[in-house]
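The exercises that follow ask you to read strands, helices and single residues from a set of coordinates. Each task is followed by a solution that proceeds step by step.

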Amino acid sequence: MTETQTQDFGDVANQDAEAPATKTGNREDRLVAEGEIAGDYLEEFLDLLDFDGDIDLDVEGDRAIVSIDGGGDLTKLVGRRGEVLDALQELTRLAVHHKTGERSRLMLDVAGWRRRRREELTAMGDKVARRVLETGQREELAPMTPFERKIVHDAVAAVAGTRSESEGVEPARRVVVVADIRANAPAASEPAPADPPLSD
């Protein structure tokens, strides 16, 4: 019998109070296990390529984060615009799914490429949003991956008076930034008080 099963079943209130924490702990344990499976898979992958790399595991929100840092050869696992990295991430997710039977949303970063890309896109999204706010003209950005579009959407959302949406079909789907007319519209004014009656 497990530790959970040996709890005092008569203390229903206590069980209810601890349920959220237990559920959170189970989710974190599952994500840690995902990261460990991914780490083992990637370690074997690096050995096959004879690449040097240190693998770090973490949990961020509702997904496992796996990072590989090390020698200059790792840039070959990124590609020109992250295409190779995206493919390797999908292979790693499949390896985790094969072991656990559950779909994985783990994020893989190599040589800090995603971190730097996130910083670049956040700065770009902020800059474009402020320009649209000033000119009132919509702007279309270059096609991006879902990961990249999400970063830009978050950056635009932080600039009051602007909004963003995605248009097009993969792989040409892109972010469009526009002025949010609803946010800029003046609030309906209250009717002016009536003039006092004229005195005789």
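**Exercise 1. The sheet that contains β6**

Starting from the pairing of glutamate 139 and working outwards, describe the sheet and the helices that pack on it.

Solution. The model is a predicted one, and the first step is a single pair of residues: glutamate 139 stands opposite valine 177 of β6. The second step places this pair in its ladder, since β4 and strand β6, which covers residues 174–179, are joined over two bridges in the antiparallel sense. The third step adds the remaining strand, giving an open sheet of three strands in the order β4-β6-β5 with antiparallel pairing. Its edge strands are β4 (139–140) and β5 (162–167), each of which pairs on one side only.

The fourth step turns to the helices. Helix α3 packs on this sheet and touches β4, β5 and β6, its direction making about 35° with that of β6. Helix α4 also packs on the sheet, where it touches β5 and β6, and its direction makes about 160° with that of β5.

**Exercise 2. The packing of α3 against α4**

Determine how the axes of α3 and α4 cross, and which residues make the contact.

Solution. Two packed helices are described by the angle between their axes and the distance between the axes. Here the axes of α3 (residues 113–135) and α4 (residues 146–157) come within 8 Å, and they cross at roughly 40°. With that angle, α3 is therefore classed as oblique to α4. The crossing of the two helices is right-handed.

The next step is to list the participants. On the side of α3 they are Trp113, Arg114, Arg117, Arg118, Leu121, Thr122, Met124, Gly125, Asp126 and Ala129, while α4 contributes Phe147, Glu148, Ile151, Val152, Ala155 and Val156. Sorted by character, the residues of this contact comprise nine nonpolar, two polar and five charged.

**Exercise 3. The sheet that contains β2**

Work out the strand order and the sense of each pairing in the sheet formed by β1, β2 and β3.

Solution. Begin with β1 (residues 53–60), which pairs with β2 over eight bridges in the antiparallel sense. Two of the bridge partners can be named: leucine 57 has valine 66 as its partner in β2, and aspartate 54 has aspartate 69. The two strands form a hairpin with two residues between them, and glycine 61 in the turn has a positive phi of about 65°.

Continue with β3 (residues 107–110), which pairs with β2 over four bridges, now in the parallel sense. In this ladder isoleucine 65 stands opposite methionine 107 of β3. Putting the two ladders together gives an open sheet in the order β1-β2-β3, with mixed pairing. Because β1 and β3 stand at the edges with a single partner strand each, one side of each is left without a neighbour in the sheet. The twist from one strand to the next averages 15°. Helix α2 (residues 83–100) packs on this sheet, touching β2 and β3, and its direction makes about 135° with that of β3.

As a last step, consider the covering of β2 (residues 63–70): the strand is mostly covered, with six of its eight residues buried.

**Exercise 4. Two acidic residues compared**

Is glutamate 34 buried or exposed, and which residues is aspartate 62 in contact with, leaving aside its neighbours within four places in sequence?

Solution. Glutamate 34 lies in helix α1 (residues 12–49). Its relative accessibility is 3%, so glutamate 34 counts as buried, the cut-off being under 20%. Beyond its neighbours within four places in sequence, glutamate 34 is in contact with Ala64, Val96, Arg103, Ser104, Arg105 and Leu106.

Aspartate 62, by contrast, belongs to the loop between β1 and β2, and with a relative accessible area of 47% it is partly exposed. With its neighbours within four places in sequence again left aside, aspartate 62 is in contact with Leu31 and Arg105. The C-alpha atoms of aspartate 62 and arginine 105 are separated by 8.3 Å, although the two residues are 43 apart along the chain.

**Exercise 5. The protein as a whole**

State how many helices and strands the protein has, and in what pattern they follow one another.

Solution. The protein has five helices and six strands, and along the sequence they follow the pattern α-β-β-α-β-α-β-α-β-β-α. Of its 200 residues, 29% are buried. Finally, when contacts between residues at least 6 apart in sequence are considered, 56% of them join residues at least 24 apart.

How values were computed. Residues are numbered from 1 along each chain as its sequence is written. This is a predicted model: local features need pLDDT of at least 70, side-chain atom pairs count only at pLDDT 80 or more; totals for chains, interfaces and linings use all residues. Side-chain values use heavy atoms; hydrogens and water are left out. Axes are lines fitted to C-alpha atoms, for helices over the stretch in contact, and angles run from 0 to 180 degrees between N-to-C directions. Angles under 35 degrees count as roughly parallel, over 145 as roughly antiparallel, 65 to 115 as roughly perpendicular and the rest as oblique. A crossing is left-handed if the near helix is turned anticlockwise from the far one by less than a right angle, and right-handed if clockwise. Contact means heavy atoms within 4.5 Å. Ala, Val, Leu, Ile, Met, Phe, Trp, Tyr, Cys and Pro count as nonpolar, Asp, Glu, Lys and Arg as charged, and the others, Gly among them, as polar. Two strands pair if DSSP finds at least two bridges between them. Buried means under 20% relative accessible area, exposed over 50%, partly exposed in between (1.4 Å probe, protein chains only).
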